[in-house]
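Reader: Could you take me closely through one part of this model, with the cut-offs behind each term? I would like a connected account of what is covered and what is open there.

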Amino acid sequence: MSKSVHSKADMEALVRKYSAFALLILMLLVNVVVTPNFFSTGTLWNIIRQTCTIILTGMGMTMVISTGGIDISVGAVMALSGIVAAKMLPFGVLPAVLVALIACAVSGAIAGFMIGTLKVQPMVVTLALMIGVRGVAQVMNDAKIFNITGTNAEAFKKLGTAKIFGAVPVQIIVIVVAVAVTWFILEKMILGRHIQAVGDNPKSSALAGISSAKTLMFVYVFCAVMAGLAGIFETAKIGAADGNSLGLLAELDAIAAVAVGGTSMSGGRAKVWGTVIGAVIMQLITVMVNMNNITYEYAQVFKAIIIILAVYIQREKNA
C-alpha cells in the first residue's frame, strides 16, 4: 500500500516537473500540423521578437510571484516607459532609455515600499499603480499616439528592428541577458535565497534576520525595470508610443508564463527556465491563432484553459 502511494507521489512530482516542457512539445506539434510555414525562418524570428516582451515581463513577475506577491501594473509601466523614452529622444537614445527606466524604477519603489514596509496587499497596490501609471502615460501626450520622428528617431527604432549579421533579431540578445541575470540572482546570489525564503515562509525568514522590506523593494523595482525594458523595445519596434494600448494585458501573459512554467503561485521556489518555456507557449498560442485566421479571442480562451490546468497540476505542491 505504501509502495503504491509512494509511486503515485513520484508520478505526480514527475508530471509537475515536466508538464511545461510536455505542453511546449504539444504546442509545437500542433503548429507543425495546422500552421502554414511554421518552420520558416521568418516565423521563427517573428516568434523571438514577440516573445521578448513576455520573457522580460515574465522575469520580473517570476521574482514577484516567488515572494508570494503579484504585480498587475507591468503593462501600465510598459506604457510609461515607452512614452517617457519617446519624449526624451531629443537628448539622445541612451539618456532617453535611462530616464524611462528610472521612471519605471520609481513606480516599482512605490510598490515595494507599500507592500514591504506598509504591509499593503500586493494586488491592491499594483491595481492602483496599474490605473495611475497608465493615467500618467496618457496625460503625457494627451492620450494621443506619439509617433517617433525627428532627432535620434531612427537610432531608437533600431532597438526594435535591428538584426545581428543581417538575420537574427536583436531581441535575442535582450532575452539571453535578461534570463541570465534573473537566473544568476535567484540561483547564485544570497539575495535570491532571501527572495525565495520570504515567499516560502515570511515568519521564518524574519527570524533568520532577512529584511522582507528590503527584499520586496528590490523585487518590485526589478520587475518594473524589466517591464520598462519591454516597453522600450516594443515602442522601438512599432515606431510609436501609445499610452492607451501599449502593454495592455501584458501582465496576464507574464503571470500565465510564470504559472505554466511551474513557479508556485503561493511563493517559494522560482523556476526561471520554466517561465521561459511558459512565455514561448503563450506566444505559440498567439501565432497559431493569428496565422490560421482564427479570431484572437480564442487565443485568450486557450490561454485561460492552460493557466487553470497549470495551477491544478501544482495544487498539491502548494497545499
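Author: Ile 190, Arg 193 and Asp 200 are exposed on the other side of helix 8 from its buried residues, where exposed means over 50% relative accessible area, buried under 20% and partly exposed in between, with a 1.4 Å probe and protein chains only. This is a predicted model, in which local features need pLDDT of at least 70 and side-chain atom pairs count only at pLDDT 80 or more, while totals for chains, interfaces and linings use all residues. Residues are numbered from 1 along each chain as its sequence is written, and side-chain values use heavy atoms, without hydrogens and water.

Helix 8 spans residues 190-200, and its buried residues are Gly 192, Ile 195, Gln 196, Val 198 and Gly 199; helices are DSSP runs (H or I, at least four residues), numbered from the N terminus. Viewed down the axis, these buried residues fall within an arc of 155 degrees, so they line one face of helix 8, the arc being that of the directions from the helix axis to the C-beta atoms. The buried residues of helix 8 pack against helix 2 (41-66), helix 7 (171-188), helix 9 (202-207) and helix 10 (212-238), contact meaning heavy atoms within 4.5 Å.

For contrast in setting, Val 120 lies in the loop between helix 4 (93-116) and helix 5 (122-139). Val 120 is partly exposed, with a relative accessible area of 27%, and, not counting residues up to four places away in sequence, Val 120 touches Met 114, Ile 115 and Val 125. Between Val 120 and Glu 234, which are 114 residues apart in sequence, the C-alpha to C-alpha distance is 31 Å.

Terms used. Helix = DSSP H or I, 4+ residues; strand = E, 2+ residues; numbered from the N terminus.
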